[in-house]
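Trainee: I have a new model open and would like to talk it through with you. Shall we take it one question at a time?

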Amino acid sequence: MTGGTLRDLVARHRVVISAGSGGVGKTTVAASIGLWGALEGRRTAVLTIDPARRLASSLGLETLGHEPREVAGEIFAAQGLTPKAPLWAMMLDQKGAWDALVDRYAPPDARARILANPFYQHLSQTFAGSQEYMAIEQLCLLVDGGAYDLVVVDTPPTRHALDFLEAPKRIDDFLDRSVVKWFVRPYFSAGWSALRAVNRTASFLLHRLEQATGVSALAEISDFFASMSGLFENFHERIERAYEVLRGPETAFVVVSSPEEQVLDDAEYLAGKMAELRMPLKGVVMNRVHAELRRQKRGGFDPDDEVAVAEVVTRAVGPAAAPPLVENFADYQALARGEQLRMEQFRAGLPKKTPLAVVPNFTRDVHDLASLAAMHTYLFG
Amino acid sequence: VTPVFARRLHFVVGKGGVGKTTVTAALARMLARAGRRTLAIEMETGGRLPAMLGTSASIGTPRQVTPELAVVSIDGRAALEEYLGLVIPVKRLLSTVFASRIYQYFVAAAPGLKELMTVGKVWYETTRQEGSRPLWDAVVVDSPATGHGLQYLRMPQAARETFGAGIVQREAARVVELLQDARTTAVHLVTLAEDMPVTEALEAHAQLTGPLALPGGAMIVNRVHRRRFAADVLTTLERATAAAAGAEQALLHAVADRAVEETSWAVINAQQIERLRAGIPTTPLVELPYLFAEEFGAEEIDVIAHALEEAAALPAARRA
């Protein structure tokens, strides 16, 4: 490993964000890094958005709450681990998180109206990026609260994982104050007749849109913004703060990938976009890598020479048992060669000293603390 | 009941990273090879389906790859605009509306409208006629990775129930009718035979056949390891490894490791396939082999297409 190691990287940063496409073991890596933090004596919180409750089970918790929950000492003890600092975990439920935001910031008299507004309900459940945004909002609360030495965030499993990074900007655009103001102007909530006086054509077309789709959206939107106007006053500042945390020197983005072709393509794309957004990746975890037996020295034994391999194996186990073993070995070698090649190409595209940790493809699910700790050998050397 | 692979409309759903797009491509190839005029659809642009079928993306208009196989990508937003253009024939003004912020809010406020239009486009292609018969003998749809791709299939029903009376509601009802018709439609789930993916696949299956009332297709288990090495062979190998030295020892050691690894996976996969069988005993289960390839290309997709072919045992294609 040239330059720093992943160990140095995690030690030097207060926020570690694990990003990557779905199905690469991102949650497991985040949990393992969090566990390492606690074992090393840092008060650590792990924040996940994984609906599969995988993190909860890996931390020995039946469920995760919306508030950080401390992993019980007995659970560590049962697995033979003695953390020097406590470990908390929490899960973000997007609907719950929006409601919490409303509870926290909306004027008391407007709360019930906001929660019952159909547009709010749609928005909180389906607005692209809202889940991601809430994760960042939560992250800022954890960071600014100052109760933790290390906060590890497992990002949502989006296809390009990019939504996460762009979410604050998208929400900011959506809540553009000039447009919001326009919506809360009286003629809007007064309905169509009033709007018609302002702009005949727009009014006509929007009315047809509503008729065609059966969605009486505009009245709802207007009501929504009217109820929430208090909430949005300092929204822009909070979004600025979010980017401050994401781009800050205390934050490290770690991209988790597997050496499969498609997954690596995604990781490469993500790395490029992150640089554009000034949130450069600082470390890579290559998960589920198959081992390759390399030729030990020039002129030495070539493990990819199938005839030579067959000879050795036949001598060892006899001609009947050898062929399937040889075939199996050759298959795994081919797999590993492809992976090595792709990993080298990927690495060549990264800044020179980016730490890259390689975790082998375990033949079992990693879902208890002991196996999370076993991962440390590969992550932190 | 029409066998699942003999139906006309196939949705392929499953979590990210299980090989959904590969299975979609292979299923489309398999159906095309059986002589069916097949359309492969990706429900979001920017996916790998067109490349896997050896072409580049064509948005909105099907592109013929072979005489029997075409591929198209759907862009929900474009489909929505296309649709609104049909309903509100004031073209010049519409483009102003689409560009306006109010319209952006409108789309955000009517969430699912975009998804609904996407499924609507699938419906359109599936029901397209050429003369007196359907234009496509088979339509195979790759779903987005998030949430098993179920949110798209959920949308027509949600729209039928929650949208106020209007044209969209009427069309949603027609789409629902097609999706729920077990003579035409099959929703195939792709999974891996590992603990968490199987749990999630069983949950998705319950969702599909329960609240969504959609006709389940096959449970397609991808990347199944099959080789098992007997304990006595492994013991012999271990002894020989201990007796050997140098490069030969390193080799025998690695050979043994890979044999143990493969056997472990084969055992895990078999256990998880049993769980699937027990959980959904009446669902056809298709196992696809793990492919040890340096690179994944057309050849690998063909291997999977052949495996699907055997499982499907399709009746001879009905041709004009």
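Trainee: Is Trp36(A) buried, partly exposed or exposed?
Mentor: Happy to start there, and keep in mind that this is a predicted model. A residue counts as buried when its relative accessible area is under 20%. Trp36(A) has a relative accessibility of 7%, so Trp36(A) is buried.

Trainee: How are the rings of Trp36(A) and Phe380(A) arranged?
Mentor: Their centres lie 4.1 Å apart, and the planes make an angle of 20 degrees. Planes under 30 degrees apart count as stacked. The angle falls in that range, so the pair is stacked.

Trainee: How many residues apart are Trp36(A) and Phe380(A)?
Mentor: Trp36(A) sits in helix α2 (residues 26-39) of chain A, while Phe380(A) belongs to helix α20 (residues 376-380) of chain A. Phe380(A) is also buried, at 6% relative accessibility. The pair links distant parts of the chain, and the separation is 344 residues.

Trainee: What kind of aromatic pair do Phe362(A) and Tyr378(A) form?
Mentor: Phe362(A) is in the loop between β8 (356-360) and α19 (369-374) of chain A and Tyr378(A) is in helix α20 of chain A, so the pair ties together parts 16 residues apart in sequence. Phe362(A) is partly exposed at 21% relative accessibility, and Tyr378(A) is partly exposed at 36%. Their centres are 5.9 Å apart with 65 degrees between the planes, and the pair is edge-to-face.

Trainee: Which residues of chain B join Tyr332(A) in an aromatic cluster?
Mentor: A search of the whole structure gives five aromatic pairs over all chains. Tyr332(A) belongs to one aromatic cluster together with Tyr290(B) and Phe292(B).

Trainee: Which helix gives the largest share of the largest nonpolar core?
Mentor: That core has 51 residues, and those touching the most other members include Ile17(A), Leu139(A) and Phe253(A). Leaving out residues up to four places away in sequence, Ile17(A) touches Leu139(A), Leu246(A) and Phe253(A), among others. The largest share is eight residues, and the helix supplying them is α8 (residues 130-145) of chain A.

Trainee: How many residues does the second, separate core have?
Mentor: In soluble globular proteins, nonpolar side chains tend to be buried together. Here the second core includes Val72(B), Leu113(B), Val224(B) and Leu285(B), and its size is 50 residues.

Trainee: How many of the 15 residues of α6(B) are buried?
Mentor: Helix α6 (residues 113-127) of chain B spans 20 Å from its first C-alpha to its last, close to the expected 21 Å. Its buried residues include Leu113(B), Met117(B) and Trp123(B), and also Glu115(B) and Lys121(B). The helix is largely enclosed by the rest of the structure, because the buried residues number 11.

Trainee: How far apart in space are Pro134(B) and Arg8(B), C-alpha to C-alpha?
Mentor: Pro134(B) is in strand β6 (residues 133-134) of chain B and is buried, at 17% relative accessibility. Beyond four places in sequence, its contacts are Arg8(B), Arg37(B), Arg128(B) and Gln129(B). Pro134(B) and Arg8(B) are 126 residues apart in sequence, and their C-alpha distance is 9.7 Å.

Trainee: What is the phi of Arg278(A), which is not a glycine?
Mentor: Arg278(A) is in the loop between α16 (261-276) and β7 (281-289) of chain A. Arg278(A) is exposed, with a relative accessible area of 55%. Its phi is positive, at about 60 degrees.

Trainee: And what is the phi of Ala213(B), again not a glycine?
Mentor: Look in the loop between α9 (195-209) and β9 (216-224) of chain B. Ala213(B) is partly exposed, with a relative accessible area of 38%. Its phi is positive too, at about 50 degrees.

Trainee: Over which residues of chain A does pLDDT stay under 50?
Mentor: Chain A has a mean pLDDT of 80, with 71% of its residues at 70 or more. The stretch you want has 11 contacts in the model beyond four places in sequence, and it covers residues 189-197.

Trainee: Lastly, how many helices and strands are there in chain B?
Mentor: Chain B has 320 residues, and 55% of them are buried. Its secondary structure comes to 12 helices and 10 strands.

Notes: Residues are numbered from 1 along each chain as its sequence is written. Chains are lettered from A and ligands numbered from 1 in the order in which they are written. Side-chain values use heavy atoms; hydrogens and water are left out. Rings of Phe, Tyr and Trp (its six-membered ring) pair if their centres lie within 6.5 Å; planes under 30 degrees apart count as stacked, over 60 as edge-to-face and the rest as tilted. Helices (H or I, at least four residues) and strands (E, at least two) are DSSP runs, numbered from the N terminus. Buried means under 20% relative accessible area, exposed over 50%, partly exposed in between (1.4 Å probe, protein chains only). The expected span of a helix is 1.5 Å times one less than its number of residues. pLDDT is the predictor's confidence in each residue, from 0 to 100. Contact means heavy atoms within 4.5 Å. A nonpolar core is a set of buried Ala, Val, Leu, Ile, Met, Phe, Trp, Tyr and Cys residues joined through side-chain atoms within 4.5 Å.
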